[in-house]
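User: I am new to this structure and would like to be guided through it by questions and answers. Please begin once the sequence and structure are on display.

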Amino acid sequence: MSPKNKETQLNQPITEVDRIIHEPARYLIMAYLYVVESADFLFLLRQTGLTKGNLSSHLGKLEKAGYVDIKKKFSGKIPQTLLRLTRDGRVAFDAYRASMKKALADLPNGRK
Amino acid sequence: MKAQDIDLKKLERKVWTSFFEDGIWDIYLGLLLMALAVGAFFTDVGLTEQYSIFGHIGVVILAIFFLWLGKRLITLPRMGTVHFGPKGKARITKAQIILAISCFMGLAAFILVSSAISNVSARQQVMDFIFPSFWVTTMLVVFSFAAYFLNYRRLYIIGILYAITIPSDKIMRQFLHIDLTVLAFGIPALAILIMGFIVLARFLKKYPLLHEEEQNA
């Protein structure tokens, strides 16, 4: 095996991490949606502590990646944005956690 | 805590307990106990049993309306909607089954014991000693199971406050010669209501109402 190939193989777990989920705010959003069946925008806004603009923007990216399903509906006269993780989103979230765990577990203990 | 360090079990518990963060259930349970106090009050002041029953039912209806409207008008516009996954649903089902079984078994045991006794003085003994012990045990067991399975810790305190009502009524009657059942039920009910309103006030402060346009993406 050439030195370059060896280096590539060593770096693989961390370079293969899903960058969409790797962003902390998006990870937080996905974690909340992972533990429930569905939630509305207001619930996520309250629980995550993100601003409205920030949450909207991250949800847009997650929707574009196919990880979150966003449905707008009316509850009586009140508009409501319902959010849920898609099947791909759940699989990607599990894979991300597994790859992060592996990448961090492989690190040697630090020496002083 | 870094976002990537999130413990999903803790997060799920946090989402679940947020369901009881509004104090509405505490107030509902406080009102149910207050219904017994109101019924007892009408009897204590010498009104007929009909007034007592109407008073009791009136407060129970008020409690049910408060729970329904409170969740709809106070909690949902402030905290949003969440549908729990299979684990959450299983937790509710487990708590419901345990509650139903404990209530049924307790009631059946009490009916069997009291109907088996024909002697008047023995029946009085049942009312004086067995019924209060049965009440305390049932309340502590039922509320503790519910608190454990629903992860709703204030239910332990509520269970204790429910449990002390009948023994304190007996103690007041027998040792202090005070015939005020309303106090035995009213004081614990008031304590639960105060606790509920404090939790509700904290909830209102933590989650002020947002404008409609801020509530959606």
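User: In this predicted model, how many bridges join β1(A) to strand β1 of chain B, and in which sense do they run?
Analyst: In this predicted model, strand β1 of chain B covers residues 82-84, and strand β1 of chain A covers residues 36-40. Within this pairing, A:A39 stands opposite B:V82. The two strands run antiparallel, and the number of bridges that join them is 3.

User: Which strand of chain A pairs with β1(A) over 2 bridges?
Analyst: The pairing within chain A is antiparallel. One facing pair is A:D40 and A:L82, the latter lying in β3(A). The partner of β1(A) over these 2 bridges is strand β3 of chain A, residues 78-85.

User: Is strand β1 of chain A mostly covered or open, and how many of its residues are buried?
Analyst: A residue counts as buried when its relative accessible area is under 20%. By that criterion β1(A) is mostly covered. Of its 5 residues, the number buried is 4.

User: Over how many bridges do β2 and β3 of chain A pair?
Analyst: Strand β2 of chain A spans residues 68-75 and pairs with β3(A) in the antiparallel sense. A:K73 stands opposite A:Q80 of β3(A) in this arrangement. The count of bridges between β2(A) and β3(A) is 8.

User: Which residue takes a positive phi in the hairpin of β2(A) and β3(A)?
Analyst: The hairpin has 2 residues between its strands. The positive phi is near 70°. The residue that adopts this value is A:G76.

User: With which residue does A:K71 form a salt bridge, and how far apart are the closest N and O atoms?
Analyst: The partner of A:K71 is A:D69. A:K71 is exposed because its relative accessible area is 51%, whereas A:D69, at 26%, counts as partly exposed. The closest N and O atoms of the pair are separated by 3.2 Å.

User: How many salt bridges does the structure hold over all chains?
Analyst: Among them is the contact between A:K71 and A:D69. Another is formed by B:D26 and B:R154. Over all chains, the total is 5.

User: How many residues apart are B:D26 and B:R154, and which helices hold them?
Analyst: B:D26 and B:R154 form a salt bridge whose closest N and O atoms are 2.6 Å apart. The pair links distant parts of the chain, with B:D26 in helix α2 (residues 24-44) and B:R154 in helix α6 (residues 154-163) of chain B. The separation along the chain is 128 residues.

User: Why is B:D26 classed as buried, and how is B:R154 classed?
Analyst: B:D26 is buried because its relative accessible area is 0%. The value for B:R154 is 22%. B:R154 is therefore classed as partly exposed.

User: Which helix holds both B:D169 and B:R173?
Analyst: The side chains of B:D169 and B:R173 meet in a salt bridge, with an N to O distance of 3.4 Å. B:D169 counts as buried at 10% relative accessibility, while B:R173 counts as partly exposed at 36%. The two residues lie 4 apart, about one turn of the helix, and both belong to helix α7 (residues 165-174) of chain B.

User: Which helix gives the largest share of the positive patch?
Analyst: The patch is formed by B:K9, B:K10, B:R13, B:K87 and B:R153. B:K10 is found in helix α1 of chain B and counts as exposed because its relative accessibility is 56%. The largest share, 3 residues, comes from helix α1 of chain B, residues 8-17.

User: Where in chain B is B:N151, and is B:N151 buried or exposed?
Analyst: The phi of B:N151 is near 60°, a positive value in a residue other than glycine. B:N151 is placed in the loop between α5 (120-150) and α6 of chain B. At 15% relative accessibility, B:N151 counts as buried.

User: What pattern does chain B follow along its sequence?
Analyst: Chain B has 8 helices and 1 strand. Of its 217 residues, 42% count as buried. Read along the sequence, the pattern is α-α-α-β-α-α-α-α-α.

Key:
Residues numbered from 1 in each chain as written. Chains lettered and ligands numbered in written order. Predicted model: local features only at pLDDT ≥ 70, side-chain atom pairs only at ≥ 80, totals over all residues. Heavy atoms only, no water. Patch = residues over 30% accessible without salt bridge, like charges linked within 9 Å, V, L, I, M, F, W, Y side chains within 5 Å. Areas by Shrake-Rupley, 256 points an atom, 1.4 Å probe, with all protein chains shown as cover. Salt bridge = Lys/Arg side-chain N within 4 Å of Asp/Glu carboxyl O. Lys, Arg positive; Asp, Glu negative; His and termini not counted. Charge placed at Lys NZ, Arg CZ, Asp CG, Glu CD. Buried < 20%, exposed > 50% of the residue type's maximum accessible area, 1.4 Å probe, protein only. Pairing = 2+ DSSP bridges.
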